[in-house]
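User: I keep meeting terms such as "salt bridge" and "buried". Can you show me how such labels are earned?

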Amino acid sequence: MTSHVVVTTPEESNPAIDIYRQLRGLIVSGQLGANERLPTVRQTAADLKVAQGTAAKAYKMLEQDGLVVTRTAAGTRVADSAAVLPQSVIQRIRELVDEAAATNTDHDDVINVLRAILQTRSGNAHHPA
């Protein structure tokens, strides 16, 4: 699973938040299903070449959101109650990604604009940008 997670953001960003966002995306898009086991914090840290504390922080944020459950013997697994985006929203996101790629639009720009629009409409942010 960790082969899907790649930290590719500028050096001034927060790697824990980058990991959190990527794993959250995999969960809410349904690519990681209920009860699916995540790699250990140690394995994630090794795979992504970050400190174990960084990976642990990302896992803790996922746990606080109710997306994963951590149990000593069972490890960290996607929660049964993890919210999956409606298929119509996932389809529109895929279309947006395809259009951005077709027009050579930088994916970070697309993400930043999407965040800005969401923050403007909701009046606040759920997690740090």
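Analyst: We will take the labels one at a time; keep in mind that this is a predicted model.

User: What makes Arg24 and Asp65 a salt bridge?

Analyst: The rule asks for a side-chain nitrogen of Lys or Arg within 4 Å of a carboxyl oxygen of Asp or Glu. Here the N to O distance between the two side chains is 2.8 Å. That is within 4 Å, so Arg24 and Asp65 qualify. Side chains of opposite charge can pair when their charged atoms come close.

User: How many salt bridges does the rule give?

Analyst: The count is one.

User: Which parts does the pair of Arg24 and Asp65 tie together?

Analyst: Arg24 lies in helix α1, residues 15-28. Asp65 sits in the loop between α3 (52-64) and β1 (68-71). The parts they join are 41 residues apart in sequence.

User: Why is Arg24 called partly exposed?

Analyst: Buried means under 20% relative accessible area, and exposed means over 50%. Arg24 has 26%, so it falls in between. Asp65 has 24% and gets the label partly exposed too.

User: Are Asn35 and Asn104 buried, partly exposed or exposed, and how do you know?

Analyst: Asn35 has a relative accessible area of 43%, so it is partly exposed. Asn104 has 71%, which is over 50%, so Asn104 is exposed.

User: What is noted about phi in these two residues?

Analyst: Phi is positive in Asn35, near 70°, though the residue is not glycine. Asn104 also has a positive phi, near 55°. Asn35 is in the loop between α1 and α2 (41-48). Asn104 is in the loop between α4 (87-102) and α5 (107-122).

User: How do you know that the length of α1 agrees with what a helix should span?

Analyst: Take 1.5 Å times one less than the number of residues. For the 14 residues of α1, that gives an expected span of 20 Å. The end C-alpha atoms are 20 Å apart, so the two agree.

User: Which residues of α1 are buried, and what do they pack against?

Analyst: Among them are Ile17, Tyr20, Leu23 and Ile27. The buried residues of α1 pack against α2, α3, β1, β2 (75-78) and α4.

User: What is found at the start of α1, and what follows the helix?

Analyst: At the start, a side-chain oxygen of Asn14 comes within 2.9 Å of the backbone nitrogen of Ala16. Gly30 follows α1, with a positive phi near 85°.

Notes
Residues are numbered from 1 along each chain as its sequence is written. This is a predicted model: local features need pLDDT of at least 70, side-chain atom pairs count only at pLDDT 80 or more; totals for chains, interfaces and linings use all residues. Side-chain values use heavy atoms; hydrogens and water are left out. Helices (H or I, at least four residues) and strands (E, at least two) are DSSP runs, numbered from the N terminus. Buried means under 20% relative accessible area, exposed over 50%, partly exposed in between (1.4 Å probe, protein chains only). Contact means heavy atoms within 4.5 Å. A polar contact is a pair of N or O atoms within 3.5 Å; within protein, one must be able to donate a hydrogen and the other to accept it, and residues adjacent in sequence count only if both atoms are side-chain atoms.
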